[in-house]
Amino acid sequence: MAGRVRPITLVGTPVLHRACRPVQEFDAALAELADDMFASMYAAEGVGLAGNQIGVDLRIFVYDCPDENGERHKGTVVNPVLELPDLADRRLDDDEEGCLSVPGPHARVARPDRATVRGFDVKGNPVTVEGTGLLARCLQHETDHLEGKVYIDRLSARARKKVLREYEALRAAAEAE
C-alpha cells in the first residue's frame with residue numbers, strides 16, 4: 001500500500017479537541033492524505049483513523065473493520081454526516097472502546113448498534129456507509145473525532161479520570177524505559 005506512516009496525535013493536542021474544517025478540494029493531495037492515513041492506521045493496528053489524529057484539520061476518516069457478521073469493510077469518507085436510528089428504534093451496544101490517540105486504556109461506551117455515514121470518497125463521489133457492530137461504533141467514533149470529541153469525552157467524569165490516569169501511567173513507564 002502506498003502512503004507514509006505519520007505520527008498519531010495524542011489526547012491533549014489542540015487539533016483533537018476542535019471541529020475540523022470541511023474538505024474543499026478533491027485532488028491528488030487528498031488522495032495522498034488518505035493513503036497516509038491508511039498507512040498510519042495499519043502501523044498503529046487501528047480499525048479507523050480521522051484526519052486530526054495525524055494532525056490534519058480536515059473532515060476525513062479512513063476505516064477497515066468488520067461489521068456484526070464479521071464482514072470486513074474498508075473505505076474513506078470525506079465530509080461525513082452521521083445518521084443514527086430514531087430514539088424509538090435505537091438499541092445501545094455497551095462495549096469496550098479504545099483510541100489510537102489515547103493508547104492503552106479501554107472503557108465501556110454505550111453507542112447505537114447501527115449507524116450510517118453519508119459523505120464523499122477522495123474523488124468527490126457520494127458514498128453511504130451503513131454499519132452494524134464494530135463498524136457502527138467505528139463510524140460514530142471517527143465522526144466524533146472530526147467534531148473535536150475523543151471517546152473519553154463520552155465517559156462519566158470518574159471513568160474519564162481513570163482512563164487518563166492509566167494512559168499517563170503507561171506513558172510514564174514507556175518514557176522511563
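In the predicted model, C138 is buried, with a relative accessibility of 4%. The cysteine sulfur closest to that of C138 belongs to C65, at 4.0 Å, which is too far for a bond. A disulfide would require the two sulfur atoms to lie within 2.5 Å. C99 is likewise counted as buried, at 9% relative accessibility. For the sulfur of C99, the closest cysteine sulfur is that of C138, and the separation of 11 Å is again too far for a bond. The number of disulfides under this criterion is zero.

Salt bridges were examined next. The search of the whole structure returns 15 of them. One pairs the side chains of R6 and D36, with an N to O distance of 2.8 Å. R6 belongs to the segment before α1, whereas D36 is part of helix α1, so the contact ties together parts of the chain that are 30 residues apart in sequence. Both R6 and D36 are buried.

A further salt bridge is formed by D144 and R154, whose closest N and O atoms are 2.6 Å apart. D144 is located in helix α2, which spans residues 133-146, and R154 in the loop between α2 and α3; the pair therefore ties together parts that are 10 residues apart in sequence. The two partners differ in their exposure class: D144 is buried, with a relative accessible area of 6%, while R154 is partly exposed, with a value of 43%. The cut-offs behind these classes are under 20% for buried and over 50% for exposed, with partly exposed in between. D144 and R154 also take part in a network of salt bridges, whose other members are D93, E97, R111 and R137.

Within helix α3, R171 forms a salt bridge with E175, and the closest N and O atoms are 3.8 Å apart. This distance falls within the 4 Å limit applied to a side-chain nitrogen and a carboxyl oxygen. R171 and E175 are four residues apart in helix α3, so about one helical turn separates them. R171 is partly exposed, at 32% relative accessibility, and E175 is exposed, at 60%.

Helix α3, which covers residues 157-176, also contains K161. K161 has a relative accessibility of 53% and is therefore classed as exposed. On the surface, K161 gathers with R158, K162 and R165 in a patch of positive charge. Residues admitted to such a patch have over 30% relative accessible area and no salt bridge.

Backbone geometry was considered at two positions. Most residues other than glycine have a negative phi. E45, which is not a glycine, has a positive phi near 60 degrees. E45 is placed in the loop between α1 and β1, the latter being residues 48-50. With a relative accessible area of 73%, E45 is exposed. N79 is also a residue other than glycine with a positive phi, in this case about 50 degrees. N79 is found in strand β3, and its relative accessibility of 17% places N79 among the buried residues.

Strand β3, residues 72-83, also includes T76. T76 counts as buried, at 16% relative accessibility. Along the chain, T76 and A44 are 32 residues apart, and their C-alpha atoms are separated by 17 Å. For E25 and K123, which are 98 residues apart in sequence, the C-alpha to C-alpha distance is 9.1 Å. E25 lies in the segment before α1, the helix of residues 28-43. The relative accessible area of E25 is 55%, so this residue is exposed.

Notes. Residues numbered from 1 in each chain as written. Predicted model: local features only at pLDDT ≥ 70, side-chain atom pairs only at ≥ 80, totals over all residues. Heavy atoms only, no water. Patch = residues over 30% accessible without salt bridge, like charges linked within 9 Å, V, L, I, M, F, W, Y side chains within 5 Å. Areas by Shrake-Rupley, 256 points an atom, 1.4 Å probe, with all protein chains shown as cover. Lys, Arg positive; Asp, Glu negative; His and termini not counted. Charge placed at Lys NZ, Arg CZ, Asp CG, Glu CD. Helix = DSSP H or I, 4+ residues; strand = E, 2+ residues; numbered from the N terminus. Buried < 20%, exposed > 50% of the residue type's maximum accessible area, 1.4 Å probe, protein only.
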